[in-house]
Amino acid sequence: MKANNNLKYISTRGHASQLSFKDVIFEGLAPDGGLYVPESWPCLDSKLITSFANMSYQEIAYFVFKPYIDSSLTDSLLKEIIRDSYKSFSNSEITPVREVTDSEFLLELFHGPTYAFKDVAMQFISRLFDYYLDQDNEKINILGATSGDTGAAAIHGFQGIDSANVFILHPYNLISPTQRKFMTTIKSKNIINIAVKGNFDDCQKIIKDIFSNKSYKRSKKLGAINSINWARIMCQITYYFYCATRISNSENIAVMNVECGNVVIEL
């Protein structure tokens, strides 16, 4: 499978410059306030999707990621980063599917280091950032807002990565003690926790306001790890393919219900 060097990313609001994959993962929110998405949506061959049933999670991730990535990352490096990203998961299937009834299944998304589905993306993103930054001999300041799970996953993903400082905003006294411990007990000099007197929306607004200032964002070399980063969305696409190809029915129809990051599948 070849890289799609012609694929560009555009803002959902249509007033920002087109970007390549490498640029868009560091950009976060577009300058016009929109989200960066592919200009056109790659389509996977139906035979390839069928073959996913016999592939590991990591192998499926490679084929899902590849159409969105340009020549800035070779096939061998992409595979290496994927393998390294999921070494810390407690289940070899990464996101195992459990049968509840004949027509209902549960997709388990809690086998990462912080027991949140955010680990699926954060473990990959941290390594992807580190590779690009190391190649360019650059450093970045990453901002994120969290209600608990995103921040913990980001901190555990980026701990010890010298190329990135990570600043996580969370609502003061409005996250669980367990989530707070996940974030505040990591002894890594590149991790900075910031408690905001307000709710999650207040934290998110601070991040969005900062990223809407293009000159400030450039001068401070800011990046984002919230859902405003395309790489996070790309990573989370994978487990839907994995899940759908681990179950089967006569009509080949799956309806996915997403509740708080847990997926119930009804056939």
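Which residues does His111 touch, not counting residues up to four places away in sequence? In this predicted model, the list runs to Ser88, Phe89, Ser90, Asn91, Ile94 and Pro96. His111 itself sits in the loop between β4 (104-107) and α5. Its relative accessible area comes out at 11%, so His111 counts as buried, the cut-off being under 20%. There's also a polar partner: the side chains of His111 and Glu108 are joined by a polar contact of 2.7 Å.

Next comes the helix on the far end of that loop. Helix α5 covers residues 119-136, and at 1.5 Å a residue its 18 residues should span 26 Å; the end C-alpha atoms are indeed 26 Å apart, so the expected and modelled values agree. Most of α5 is tucked away, with 13 of its 18 residues buried. Right after the helix, Asn137 picks up a positive phi of about 55 degrees.

As for the nonpolar packing, the largest core holds 67 residues, and the members touching the most others are Phe21, Ile25, Phe65, Tyr86, Phe124 and Phe158. It's α5 that supplies the largest share of this core, 10 residues. A second core lies apart from this one; it has 11 residues, including Leu143, Leu169, Leu222 and Ile228.

Ile25 is worth a look of its own. With neighbours within four places in sequence set aside, Ile25 is in contact with Leu128, Phe129 and Tyr132, and also with Ala224, Asn229 and Ala231.

Key. Residues numbered from 1 in each chain as written. Predicted model: local features only at pLDDT ≥ 70, side-chain atom pairs only at ≥ 80, totals over all residues. Heavy atoms only, no water. Helix = DSSP H or I, 4+ residues; strand = E, 2+ residues; numbered from the N terminus. Expected span 1.5 Å × (residues − 1). Buried < 20%, exposed > 50% of the residue type's maximum accessible area, 1.4 Å probe, protein only. Core = buried A, V, L, I, M, F, W, Y, C linked by side-chain atoms within 4.5 Å. Contact = heavy atoms within 4.5 Å. Polar contact = N/O pair within 3.5 Å; in protein donor to acceptor, adjacent residues only side chain to side chain.
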